[in-house]
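This report is meant to be read with the sequence and the model side by side. It follows a few side-chain contacts and then turns to a group of strands.

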Amino acid sequence: MENAGQYLAAMRARAPLVQNITNYVAMNVMANILLAIGASPAMNHAHEEVAEFAGLADALSVNLGTLDPYWVTSMELAARAMAGQGKPWVLDPVAVGATALRRDAGARLLALRPGIIRGNASEIIALAGAEAAGRGADTANTVSDAEGAAGALARQTGGVVAVTGEVDYVTDGSAAFRIAGGHALMPRITVLGCSLTGVVAAFAAGQPPLEATVAALASYAVAGEMAGELAKGPGSFQVAFIDALYLMTPQDVTARARITAA
């Protein structure tokens with residue numbers, strides 16, 4: 001991962017179409033973040049088109065944020081279509097341990113073997129079936145608390161699991177990396193985590209999932225640092241962050257990324 005920027009360059013050259021079944025809160029910000037970093041977003045969840053659209057898209061992100069049973073079925077239809085075509089799909093198990101609906105949806109989607117799972121520590125622990133300390137979408141566990149659960153989920157699914165927090169942890173059940181960076185204002189902007197899941201999906205289109213996930217998280221962290229150099233508070237940070245995603249170069253990512261083998 002010495003040249004993490006190469007994965008940003010490859011993603012931008014492909015300009016992947018990313019299908020997102022995400023929450024109402026996230027849609028606008030997430031679409032703008034994907035456009036800024038170089039991907040093409042699509043937001044759809046109708047049963048009548050999600051599987052067909054998966055044939056057009058390069059990758060899929062699935063987010064449990066504003067969940068209802070209709071959307072769970074949409075997620076399953078799209079995920080099956082993506083997997084059937086050998087395309088990557090990413091699961092964001094938002095607040096998966098909070099309610100019976102979310103626990104059931106998480107289990108159903110986990111059974112479809114997502115290629116990548118991205119969540120905070122409490123979400124990853126809960127998805128693995130252990131007792132987590134989260135409150136809704138907020139984590140009360142540390143990233144290090146979730147490393148064992150992340151490895152277990154990765155081995156169960158045969159995919160990659162990313163636990164995001166102050167220092168991110170990414171594993172495929174064998175190799176693992178930690179990614180530092182970002183900025184303290186990032187948690188003050190709603191849906192930046194949800195949007196990151198779409199960015200991970202964009203990087204995973206046509207690229208090795210472990211390396212793509214690490215590079216996506218590193219790129220996001222670098223953009224956060226760049227935005228933090230200009231922002232005065234959460235409002236200006238969001239604007240600066242979108243600009244940073246657009247303006248940062250692969251060379252910026254390679255030079256500034258803080259990635260270590262775990």
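Which residues do ring pairs link into a cluster? The model in which this is asked is a predicted one, and the answer is Tyr220, Phe237 and Phe241.

## The aromatic cluster

Searching the whole structure gives three aromatic pairs. In one of these, Tyr220 and Phe241 meet edge-to-face, with 4.9 Å from centre to centre and 85 degrees between the planes. Because Tyr220 belongs to helix H9 and Phe241 to helix H10, this pair ties together parts that are 21 residues apart in sequence.

The rings of Phe237 and Phe241 are arranged in another way: their centres are 5.9 Å apart and their planes stand at 10 degrees, so this pair is stacked. Here both partners lie in helix H10, where they are four residues apart and thus separated by about one helical turn. As for burial, Tyr220 has a relative accessibility of 4% and counts as buried, Phe241 is buried at 1%, and Phe237 is buried as well.

## A network of salt bridges

The structure has eight salt bridges by the rule applied here, and among the residues that take part, Glu225, Glu229, Arg256 and Arg258 are linked in a network. One link joins Arg256 to Glu225, with the closest N and O atoms 3.7 Å apart; it connects distant parts of the chain, since Arg256 is in helix H11 (residues 250-256) and Glu225 is in helix H9 (residues 209-228), 31 residues apart. Glu225 also forms a salt bridge with Arg258, at 2.5 Å from N to O. Because Glu225 lies in helix H9 and Arg258 in strand S9 (residues 258-261), that pair ties together parts that are 33 residues apart in sequence.

Arg256, for its part, has a further salt bridge with Glu229, in which the closest N and O atoms are 2.9 Å apart. Since Arg256 lies in helix H11 while Glu229 lies in the loop between H9 and helix H10 (234-247), the parts tied together by this pair are 27 residues apart in sequence.

How buried or exposed are the members of this network? Glu225 counts as buried, at 14% relative accessibility, whereas Glu229 counts as exposed, at 57%. The two arginines are partly exposed, Arg256 with a relative accessible area of 30% and Arg258 with 45% relative accessibility.

## Strand S5 and its neighbours

Strand S5 (residues 116-119) is covered on both faces, with Ile116 and Arg118 buried on one side and Ile117 and Gly119 buried on the other. This division can be read against a general pattern, for in a regular strand the side chains alternate between the two faces of the sheet.

S5 pairs with strand S4 (residues 89-92) in the parallel sense, over two bridges, and Val90 is the residue that stands opposite Ile116 of S5. Together with helix H5 (residues 100-110), S4 and S5 make a right-handed β-α-β unit. S5 also runs parallel to strand S6 (residues 160-163), to which four bridges join it, and within S6 the bridge partner of Ile116 is Val160. Ile116 can therefore be followed in two directions, since it faces Val90 and has Val160 as its bridge partner in S6, while its own side chain belongs to a strand with both faces covered.

Methods:
Residues are numbered from 1 along each chain as its sequence is written. This is a predicted model: local features need pLDDT of at least 70, side-chain atom pairs count only at pLDDT 80 or more; totals for chains, interfaces and linings use all residues. Side-chain values use heavy atoms; hydrogens and water are left out. A salt bridge is a side-chain nitrogen of Lys or Arg within 4 Å of a carboxyl oxygen of Asp or Glu. Buried means under 20% relative accessible area, exposed over 50%, partly exposed in between (1.4 Å probe, protein chains only). Rings of Phe, Tyr and Trp (its six-membered ring) pair if their centres lie within 6.5 Å; planes under 30 degrees apart count as stacked, over 60 as edge-to-face and the rest as tilted. Two strands pair if DSSP finds at least two bridges between them. A crossover is right-handed if, with the strands pointing away from the viewer, the path from the first strand over the helix to the second runs clockwise.
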